[in-house]
Amino acid sequence: MSEKKQPVSRRQFLNYSLTGVGGFMAASMLAPMVRFAIDPVLEATSGSEMHAVVDVSEITTEPQRFDWTVNQVDAWYTSDVTKSAWVYKDENDEIVALSPTCKHLGCAVSWASNPDYPEEFFCPCHEGRYYKSGLNVPDTPPNAALDLFEYEVKDGTLHLGNIVENTVQEGGA
Amino acid sequence: MLQKIYDWIDDRVDITPLWRDIADHEVPEHVNPAHHFSAFVYCFGGLTFFVTVIQILSGMFLTMYYVPDIENAWRSVYYLQTEVAHGQIVRGMHHWGASVVIVMLFLHTLRVFFQGAYKKPRELNWMVGVLLFFVMLALGLTGYLLPWDNKAYFATVVTLEIAEGVPVIGEMTKTLLNGDPSIVGAQTLARFFAIHVFFLPAALFVLMGIHFIMIRKQGISGPL
């Protein structure tokens, strides 16, 4: 028999089929397990939910910290988690609700907590600073403005929802 | 491409003899079902190993969600089974595989017994096999408690009673397994988990290694 008639030898054929069958078996065994493991990555994030935070009349032009409680479902563990926001009314009487999470490494910032910077948000971890609008002060560690909360006012009460990016360009009042 | 990578490595560390030694060995005619179909009885050892591999893999993946804590064990199992994609399949593999592995192990033992394959010079391998059998039973027993449902709990209560029935050291053995002289609870679950995922698998790997090295060294027993 010539080489032309048999481009695949008996040995090669057996090798290929055994590798193929073995590969198929291994894949069908591993597929459910891998899908199982990567499930948290593929799971869709839950939609926005608004939570009542504070009566609008309490909001002033000075940023104040308000806390509220969210019922958090963490797989098989359910608990109440406290969240906070720095809320004030800007010069146009618009409500601004800033996330207290520093954009540098995630510590909690607070308003006027450093006597050297009375009109700024200050992060104690690495002295990150933000203007009142949430914009990061140049040449301090953070490289983005503090995030904003989505908000709506219902029946005179401020409701806060998801965190959104803050696109502010100016320092603010 | 793959060939080139292989050659590059083989050039430097000479890995070919390593895998050839494991993969290339003659299958005697009396063990080959293509020659005598009845030779299929020789497959049970390999099948036991195959199912053991499934058990190890599925078990590793299950611990990504499972927590060995009396408050959360059942809930985490329920969660991974109902909420996580393919959770039911992965847990099902581990659950049914546990039974299948015992069946395969038993068939393998029967074959070796009725063929007299345990006789000289393979007595040591038979002994190691018996130890492997005990380790497997212990794995099944400790794993049974982990879902922390009623069946698991009361089966373990009975198991511990049996352990207590051992003369002289019974009570000590029970407390050792239980983690507490009387309460079957938090400590029991944590202990059984540790035994199930660390201690017994470690023993299993060592014994399997010895089992396999010996069979390669001595070869499969001759035809009847």
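## Two chains, helix by helix

Visitor: At what angle do helix α5 and helix α6 of chain B pack?
Guide: Helix α5 (residues 87-114) of chain B and helix α6 (residues 123-145) of chain B pack at about 160 degrees, and their axes are 11 Å apart. Axes here are lines fitted to C-alpha atoms, for helices over the stretch in contact, with angles from 0 to 180 degrees between N-to-C directions. Helices (H or I, at least four residues) and strands (E, at least two) are DSSP runs numbered from the N terminus.

Visitor: Is this a predicted model, and how are things numbered?
Guide: This is a predicted model, where local features need pLDDT of at least 70, side-chain atom pairs count only at pLDDT 80 or more, and totals for chains, interfaces and linings use all residues. Residues are numbered from 1 along each chain as its sequence is written, while chains are lettered from A and ligands numbered from 1 in the order in which they are written.

Visitor: Back to that pair: what does the angle make them?
Guide: α5(B) and α6(B) are therefore roughly antiparallel to each other. The labels go by angle: under 35 degrees is roughly parallel, over 145 roughly antiparallel, 65 to 115 roughly perpendicular and the rest oblique.

Visitor: Which residues meet there?
Guide: From α5(B) come B:A98, B:V101, B:I102, B:L105, B:T109 and B:V112, and they meet B:W126, B:G129, B:F133, B:M136, B:G140 and B:G143 in α6(B). Contact means C-beta atoms, placed from the backbone, within 7 Å. By class, this contact has 8 nonpolar, 4 polar and no charged residues. Ala, Val, Leu, Ile, Met, Phe, Trp, Tyr, Cys and Pro count as nonpolar, Asp, Glu, Lys and Arg as charged, and the others, Gly among them, as polar.

Visitor: How many helices and strands does chain B have?
Guide: Chain B has 9 helices and 0 strands. Its C-alpha atoms fill a box of roughly 55 × 50 × 35 Å along the principal axes.

Visitor: Where does UniProt put "transmembrane region" in chain B?
Guide: The unreviewed UniProt entry places that feature at residues 39-67, 96-114, 126-146 and 192-215 of chain B. In the model, residues 126-146 of chain B are 95% helix and 0% strand, with end C-alpha atoms 31 Å apart. Residues 39-67 of chain B are 69% helix and 0% strand, and their end C-alpha atoms lie 44 Å apart.

Visitor: And which residues of chain A get that feature?
Guide: UniProt lists residues 12-34 of chain A as "transmembrane region", again from an unreviewed entry. That span of chain A is 100% helix.

Visitor: What about "domain: Rieske" in chain A?
Guide: UniProt's unreviewed entry lists residues 87-160 of chain A for it. Residues 87-160 of chain A are 0% helix and 35% strand in the model, and the end C-alpha atoms are 10 Å apart.

Visitor: How many residues does each chain put into the contact?
Guide: Chain A gives 10 residues and chain B gives 15. On the side of chain A that touches chain B, α1(A) gives the most, with 6 residues. That side of chain A divides into 8 nonpolar, no polar and 2 charged residues.

Visitor: How does α1(A) pack with α5(B)?
Guide: α1(A) and α5(B) pack at about 125 degrees, with axes 8 Å apart. That makes α1(A) oblique to α5(B). In this contact, A:P32, A:M33 and A:F36 in α1(A) meet B:G87, B:I89 and B:V90 in α5(B).

Conventions
Contact = placed C-beta atoms within 7 Å. UniProt positions renumbered as here; feature names shortened; annotations may be inferred.
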